[in-house]
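This report looks at how the strands and helices of one chain are arranged and how they pack. The structure is shown below.

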Amino acid sequence: MNAGSVAVRWFPSVESTQDAVHALAEQGAAQGVAVAALEQTAGRGSRRRDWASPPGGLWLSVLLRPRRDSGLQVLSLRAGLAIVHTLDTFGAEGLMLKWPNDIMAHGKKAGGILCEARWNGDRPAWVAVGVGLNVRNELPDELRSNSARLVDHGVTAELEPLAQRIAEALVKSGEVAGPLSATELAALAGRDWLRDRQLTSPQAGRAAGIESDGALRVRRADGSLALVRAAPVEAAAHVTLTE
């Protein structure tokens, strides 16, 4: 599908753009259909955590229909790169990626990515890629100390062009199969918010980059290397080690 033909369907309010895209997929919708809402009343993040989605943020989900499952394990990382590169063109400043699916702005979480696949036997039937971005929405009091808004970091565009360009970028990222390439790994290394940070969970040690299959490398205190594939990852507060 040509990225220019990606269609974003806007709604004043939905329970979840992810659920809306899954419903469209069940009805036979083609790859590239996207749903955006001014607000979500039951938005969710990874591990089905509630996601506050008031007006002013970008709440968007895109339908992908991959031909094979090769690359699905790194889709959230590819999507993250696609999103931050797109936001750069809108003037974003200092965006980083926290493995495996968070978008960070100057040390605070500005957004998240949620990839949900539905299967037909051992083949993917479709994938809903959800994106939640704090743009100019009010942040809940309990989240302000750890959350950021893109409008405070260079992004002043309206939501409609942001949604269109991000949806197009996600479709392109979903068409790439296989493990992360050397070019992608280099781009991730430049955006790796965890790099050299001391981790406490699920594996104690120092974050040491990302493998081509999407695993997080963690260097233990004894020098051995662990590969982490399960989130969440907890970093020690205000501790960054360098070589």
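What follows describes a predicted model, beginning with its sheet and ending with a pair of packed helices.

**The sheet**

Seven strands make up an open sheet of mixed pairing, in which the order is β1-β2-β3-β7-β6-β5-β4. The edge positions are taken by β1 (7-11) and β4 (95-98), and because each of these has a single partner strand, one side of each is left without a neighbour in the sheet. From one strand to the next the twist averages 20 degrees. Helix α3, which spans residues 159-174, packs on this sheet and touches β1, β2 (33-37), β3 (58-64) and β7 (123-133), while the direction of the helix makes about 30 degrees with that of β3.

**Two hairpins**

Strand β5 (residues 102-105) and strand β6 (residues 108-120) run antiparallel and are joined by four bridges. Within this pairing, Ala105 has Lys108 of β6 as its bridge partner, and Ile103 is matched in β6 by Gly111. The two strands form a hairpin with two residues between them, and in its turn His106 has a positive phi of about 50 degrees.

Strand β6 also pairs with β7, again in the antiparallel sense, and here the pairing extends over ten bridges. Ile113 stands opposite Val131 of β7. These strands likewise form a hairpin with two residues between them, where the turn contains Gly121 with a positive phi of about 70 degrees.

The turns of the two hairpins are set out here.

| Hairpin | Residues between strands | Turn residue with positive phi | Phi |
|---|---|---|---|
| β5 and β6 | two residues | His106 | about 50 degrees |
| β6 and β7 | two residues | Gly121 | about 70 degrees |

**Packing of α2 and α4**

Two packed helices are described by the angle between their axes and the distance between the axes. For helix α2 (residues 75-89) and helix α4 (residues 182-191), the angle is about 65 degrees and the axes lie 11 Å apart. Since angles of 65 to 115 degrees count as roughly perpendicular, α2 and α4 are therefore described as roughly perpendicular to each other. The crossing in which α2 passes α4 is left-handed. On the side of α2, the contact is made by Leu77, Arg78, Leu81, Val84, His85 and Asp88, and on the side of α4 by Glu184, Ala187, Leu188 and Arg191. The residues of this contact divide into five nonpolar, one polar and four charged.

How values were computed: Residues numbered from 1 in each chain as written. Predicted model: local features only at pLDDT ≥ 70, side-chain atom pairs only at ≥ 80, totals over all residues. Heavy atoms only, no water. Axes fitted to C-alpha atoms, helices over the stretch in contact; angles between N-to-C directions. Parallel < 35°, antiparallel > 145°, perpendicular 65-115°, else oblique. Left-handed = near helix turned anticlockwise from the far one by under 90°. Contact = heavy atoms within 4.5 Å. Nonpolar A, V, L, I, M, F, W, Y, C, P; charged D, E, K, R; others polar. Pairing = 2+ DSSP bridges.
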